[in-house]
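Biologist: Could you take one part of this model and walk me through it closely, starting with a single residue and working outwards from there? I would like the cut-offs behind each term as well, please.

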Amino acid sequence: MWYQKPVISEELLQSLPNLKIVASSGVGIDHLDLNLLSSYGVKVSNTPFVVSTDTADLGMALMLASSRRLVEGHQMAVSPDTEYFPADWLGAEVSGATLGIVGMGTIGYKVAQRAKAFEMKILYHNRNQRTKEEESAVGATYCKKIDDLLQQSDFVLLSVNLTPQTHKLIGKRELELMKPTATLINISRGLVVDQDALVEALQNKAVNAAALDVTYPEPLPRDHPLLKMKNVIITPHIGSATKKTRRLMMENMTESIQAGLRGLPVPNEVL
């Protein structure tokens with residue numbers, strides 16, 4: 001499966017009685033009915049580890065681009081109507097700011113490693129607290145309640161899997177808890193955020209900006225209000241989109257398929 005296609009339905013499974021394994025690219029498995037696949041005796045694999053470095057890099061890139069208003073700045077610099085650069089055109093500081101990471105898995109932890117180099121104060125919310133050694137290595141502080149993280153952070157970065165528990169995790173209430181100067185960064189799944197609530201929060205200046213690599217749907221309808229906001233950056237779900245990583249993803253999927261066909265333990269099997 002690449003870009004969640006083809007759709008694995010019961011009809012498809014019935015038409016493939018000899019199917020042994022579905023190898024899915026990327027980390028997320030929210031597009032797969034694992035119980036249905038298991039009932040047909042079909043194994044599932046993904047590629048969780050090879051995408052983490054590039055996705056963490058993109059999370060930092062979105063934070064920097066949004067805070068320093070790089071897209072707006074580029075448009076101003078190349079516009080045929082620009083006659084001078086205004087002296088009061090300002091962005092926000094990243095170095096020394098507080099970053100709240102929601103989801104401290106492999107990707108979230110790599111974001112924290114990068115943020116440490118920017119001397120950021122790092123907060124995180126996760127199902128399970130990291131070890132003291134892991135926290136100390138990046139200078140991260142655990143927030144058992146997401147509310148505490150939202151209220152303190154200058155940047156809130158989402159790096160969670162899409163599950164029933166994280167569906168619209170960030171809604172109207174959560175956005176209102178954030179600082180009006182804060183930026184929301186989403187590198188997880190579009191449905192982790194209530195997009196209608198985000199539009200309202202941005203329009204009402206409850207939050208300052210958003211930087212999104214994921215939306216729902218993808219792409220957004222061309223008349224969607226998020227596409228018209230200067231304080232919103234949207235990229236086309238490119239967290240893992242580098243030549244090296246995409247090749248490694250394909251290699252991982254091939255290895256899983258070969259193992260599944262031979263009856264061997266499947267690398268990166270989703271259980």
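**A strand residue and its surroundings**

Modeller: Happy to! Gly100 sits in strand β3 (residues 98-102); helices (H or I, at least four residues) and strands (E, at least two) are DSSP runs, numbered from the N terminus. The model is a predicted one, in which local features need pLDDT of at least 70 and side-chain atom pairs count only at pLDDT 80 or more, while totals for chains, interfaces and linings use all residues. Residues are numbered from 1 along each chain as its sequence is written, and side-chain values use heavy atoms, leaving out hydrogens and water.

Gly100 has 0% relative accessibility, so it counts as buried (under 20% relative accessible area, with exposed over 50% and partly exposed in between, for a 1.4 Å probe and protein chains only). Setting aside neighbours within four places in sequence, Gly100 is in contact with Leu123, Leu149, Ser153, Phe155, Val156 and Leu157; contact means heavy atoms within 4.5 Å.

Phe155 and Val156 lead us on to Thr183, since Thr183 touches them too, along with Ser66, Asp154, Met178, Asn208, Ala209 and Ala210, not counting residues up to four places away in sequence. Thr183 belongs to strand β7 (residues 183-186), and its 4% relative accessibility makes it buried.

Met76 is another useful reference point: 24 residues from Gly100 along the chain, its C-alpha atom is 30 Å from that of Gly100. Met76 is one of the buried residues of helix α4 (residues 70-78), together with Glu72 and Gly73. These residues lie on the same side of α4 because they cover an arc of only 100° around the axis, where the arc is that of the directions from the helix axis to the C-beta atoms.

For the wider setting, UniProt (unreviewed entry) places the feature "domain: D-isomer specific 2-hydroxyacid dehydrogenase NAD-binding" at residues 60-239; its positions are given in the numbering used here, feature names are shortened, and annotations may be inferred rather than shown by experiment. Over residues 60-239 the chain is 32% helix and 16% strand, with the end C-alpha atoms 11 Å apart.

One backbone detail to finish: the peptide bond from Glu218 to Pro219 is cis, with omega near -5°, and Pro219 is in the loop between β8 (209-212) and β9 (232-234). Most peptide bonds are trans.
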